[in-house]
Amino acid sequence: MENGLSSFWGPVTSTDWCEKNYVYSSYIAEFFNTISNVPGILLALIGLVNALRQRFEKRFSVLHISNMILAIGSMIYHSTLQHVQQQGDETPMVWEMLLYFYILYSPDWHYRSTMPTFLFFYGALYAVVHALFRFGFGFKVHYIILCLLCIPRMYKYYIYTKDVSAKRLAKLYVATLLLASICWLSDRVFCKEISHWHFNPQGHALWHILMGFNSYFANTFLMFCRAQQREWNPKVVYFLGVFPYVKIQKPKSQ
C-alpha cells in the first residue's frame, strides 16, 4: 500500500487497502476496488425494476435503492481514499442493516409505528456520531453485531420455507457471504505477502462483487418470504435459465 501518496485527491486520509494506488488513473485511487462495485449497482437495479413492476411493498424498493447507494458510496470512497468519503460508505452500511432488520422482524411486531421510529432515530444518531468521531475497529464490531442480529430471523424463514428454489437462494446467500468474507480477510491479513506476488488477486474487489450477488440473493429470498406471508403465490423463476427472480400472482382484490 502507498499511504500518503499525493494525487488529484491529495494524500490518503482513509483506510487503505491492498491495491496499489493510482496505477491506471490519477483520478481513481484503487481502480479494481472502484469498478468492482458496478455489478452490485446493476443487480440492485434489476431487483428494483422487478419490485416496482410487480408492485411489491415499498420497503423492497427502498432496500434495492439502499444497495445502489451503498455501492456508489463505496465507489467514491475507493476512488478517492479520503476520510469523509469513507464515512459516506460506512454510514449507509449501517442504515442498510437497519433496513434488513425492519424487513425481517416487522411482520411479527405488534406495535407497527415503534420499530420504524426507533430504527430511524437510531440511524440518524449513528450518522451524527460517526461524522464527529473516527471509528475503526468499533465500526466493524457494531456492523457485525447488526449482521448477527439478522441471522436468527433469516434462519427461521429458511426452515419454514418449503420451496426448493427459495431455499437455494438462501444457500447462495450463505455461500457468497462466506466466500466474500474469506476474500476480505485474506486481502486485509495477508496484504504484506500479497504485495510481493507477481499477481494481486484483488481480494477486496472480489468482496465487492460477491457481496453484490449476496445482497441480490438475500433480497430475492426475502421478497419470496414476504410474498408468501401476503399469500401472493410466489415462485422463483429464472431469466435465461440462470438468473433468479420472484414472480408473484396477487389476488384480484389487491
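A disulfide is counted where two cysteine sulfur atoms lie within 2.5 Å of each other, and the exercises below apply this cut-off, among others, to a predicted model.

**Exercise 1.** Decide which cysteines form a disulfide, and explain why cysteine 183 and cysteine 150 are left without a bond.

*Solution.* Begin with cysteine 183, whose sulfur is 13 Å from the closest cysteine sulfur, that of cysteine 18, and is therefore too far away for a bond. Turn next to cysteine 150, where the closest cysteine sulfur belongs to cysteine 147 at 6.8 Å, so that this pair is also too far apart for a bond. Cysteine 18 and cysteine 191, by contrast, have sulfur atoms 2.4 Å apart and do form a disulfide, and the count by this rule comes to 1 disulfide. This pair links distant parts of the chain, since cysteine 18 lies in the segment before α1 while cysteine 191 lies in helix α8 (residues 191-194), 173 residues apart. The torsion about their S-S bond is about 95 degrees, so the disulfide is right-handed.

**Exercise 2.** Determine whether cysteine 18, cysteine 191, cysteine 150 and cysteine 183 are buried or exposed.

*Solution.* The step needs one cut-off, namely that a residue is buried when its relative accessible area is under 20%. Within the disulfide, cysteine 18 has a relative accessibility of 5% and therefore counts as buried, and cysteine 191, at 8%, is buried because of that cut-off too. As for the unbonded cysteines, cysteine 150 is buried at 5%, and cysteine 183 is buried with a relative accessible area of 16%.

**Exercise 3.** Describe how strands β1 and β2 are arranged, and say which residues of β2 lie on its covered face.

*Solution.* First, strand β1 (residues 235-239) and β2 run antiparallel and are joined by 5 bridges, with valine 237 standing opposite tyrosine 245 in β2. Next, the two strands form a hairpin with 3 residues between them, and leucine 240 in the turn has a positive phi of about 60 degrees. Finally, recall that side chains in a regular strand alternate between the two faces of the sheet. In β2 (residues 243-247), Pro244 and Val246 make up the covered face, whereas Phe243, Tyr245 and Lys247 make up the uncovered one.

**Exercise 4.** Find which helices supply at least two residues each to the nonpolar surface patch, and classify leucine 42 by its accessibility.

*Solution.* The patch is formed by Val23, Tyr24, Phe32, Ile35, Val38 and Leu42, which together have about 530 Å² of accessible area. Helices α1 (31-35) and α2 (38-53) each supply at least two of its residues. Leucine 42 is found in helix α2, and its relative accessibility of 48% makes leucine 42 partly exposed.

Definitions and conventions: Residues are numbered from 1 along each chain as its sequence is written. This is a predicted model: local features need pLDDT of at least 70, side-chain atom pairs count only at pLDDT 80 or more; totals for chains, interfaces and linings use all residues. Side-chain values use heavy atoms; hydrogens and water are left out. Buried means under 20% relative accessible area, exposed over 50%, partly exposed in between (1.4 Å probe, protein chains only). Helices (H or I, at least four residues) and strands (E, at least two) are DSSP runs, numbered from the N terminus. Two strands pair if DSSP finds at least two bridges between them. Patches are made of residues with over 30% relative accessible area and no salt bridge: like charges are joined within 9 Å, nonpolar side chains (Val, Leu, Ile, Met, Phe, Trp, Tyr) within 5 Å. Accessible areas come from the Shrake-Rupley method with a 1.4 Å probe; for residues, only the protein chains shown count as cover. A salt bridge is a side-chain nitrogen of Lys or Arg within 4 Å of a carboxyl oxygen of Asp or Glu.
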